[in-house]
Amino acid sequence: LVSLVDIMPTVFQILGRKLSAPVSGIGVYSRDKHEMIISEHVSDGAVAVRTNTYTLIRRIMNGAFQLELYDIKKDPGEMNNIFKNNGAIVGSLLKKYKKIQAAFPIYNESSDPLPGWMQEEDRMRLIESGYF
């Protein structure tokens, strides 16, 4: 499992340099490995938790949580949602996610997720494309 946070430690690893401060990422050539990777979509509250075996997706739809669970070893295309028959797995993944999430930094929320320096045309293009 690799994540965007692994890019900098990997570059330092390749260059043979030491990081001057701890970072969240792990160099891909390290013996250390991620237990899980977390992806969050800030504007709609969607979260994906990925392990070597499962992908759990939590979305908020009409004010309620919607959960999806996929066994990526048996179903790499994530076509068969096995959430209903695997409550223990879902509970375990959510518990681990919440523990990690508790350590996340808290940022001030903004009603406008796009930077103010962007030109309006570029802002609209990003919004229309579904990025924001």
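Select S39 and A48 first. S39 stands opposite A48 in strand 2. You are looking at a predicted model. Now widen the selection to residues 37–41 and 46–50. These are strand 1 and strand 2, which run antiparallel and are joined by five bridges.

**Along the sheet**

Next, add residues 54–61. This is strand 3, and strand 2 pairs with it in the antiparallel sense over four bridges. Click R50 to find one of the links: its bridge partner in strand 3 is T55. Then click V47, which stands opposite R58 in strand 3. How many residues lie between strand 2 and strand 3 in their hairpin? Three residues lie between them.

Move on to residues 64–71. This is strand 4, which pairs with strand 3 over eight bridges, again in the antiparallel sense. Select L56 and L69 together. L56 stands opposite L69 in strand 4. Now go to the turn. The hairpin of strand 3 and strand 4 has two residues between the strands, and there N62 takes a positive phi near 55 degrees.

Show the four strands at once. They form an open sheet in the order 1-2-3-4, with antiparallel pairing. Which strands are at the edges? Strand 1 and strand 4 are the edge strands, since each pairs on one side only. Compare the directions of neighbours as you rotate the view. Neighbouring strands are turned by 15 degrees against each other on average, direction ignored. Keep some general background in mind here. Strands of a sheet pair through backbone hydrogen bonds, either parallel or antiparallel. In a regular strand the side chains alternate between the two faces of the sheet.

**The helix on the sheet**

Keep the sheet on screen and add helix 2, residues 87–101. Helix 2 packs on the sheet and touches strand 1, strand 2, strand 3 and strand 4. Line up the view with strand 3. The direction of helix 2 makes about 75 degrees with that of strand 3.

**The cavity**

Now look inside. A search of the whole structure finds one cavity of 30 Å³ or more. Its volume is about 30 Å³. To see the lining, select V47, V49, L56, I57, R58, L94 and Y97. Strand 2, strand 3 and helix 2 each give two or more residues to this lining. Which element gives the largest share? Strand 3 does, with three residues. Colour the lining by class. You will find six nonpolar residues, no polar ones and one charged. You have already met V47 and R58 as opposite residues in strand 2 and strand 3. Both also line this cavity.

**The second largest pocket**

Leave the cavity and select P9, F12, Q13, R17, K18, L19, G25, I26, G27, S30 and D32. These residues line the second largest pocket. The pocket has a volume of about 200 Å³. Colour this lining by class too. Four residues are nonpolar, four are polar and three are charged.

**Last stop: P22**

Finish with P22. This residue is in the loop between helix 1 (7–15) and strand 1. Is P22 buried or exposed? P22 has 83% relative accessibility, so it counts as exposed; the cut-off for exposed is over 50%. Now draw a distance from the C-alpha of P22 to the C-alpha of V42. The two residues are 20 apart in sequence and 25 Å apart in space.

Definitions and conventions
Residues are numbered from 1 along each chain as its sequence is written. This is a predicted model: local features need pLDDT of at least 70, side-chain atom pairs count only at pLDDT 80 or more; totals for chains, interfaces and linings use all residues. Side-chain values use heavy atoms; hydrogens and water are left out. On a 1 Å grid over the protein atoms alone, a cavity is a set of points where a 1.4 Å probe fits but cannot get out, and a pocket is an open set with protein on both sides within 12 Å along at least five of seven lines; lining residues have an atom within 4 Å of a point. Grid points are joined across faces, edges and corners, and a volume is the space filled by probe spheres set on the points. Ala, Val, Leu, Ile, Met, Phe, Trp, Tyr, Cys and Pro count as nonpolar, Asp, Glu, Lys and Arg as charged, and the others, Gly among them, as polar. Two strands pair if DSSP finds at least two bridges between them. Axes are lines fitted to C-alpha atoms, for helices over the stretch in contact, and angles run from 0 to 180 degrees between N-to-C directions. Contact means heavy atoms within 4.5 Å. Buried means under 20% relative accessible area, exposed over 50%, partly exposed in between (1.4 Å probe, protein chains only).
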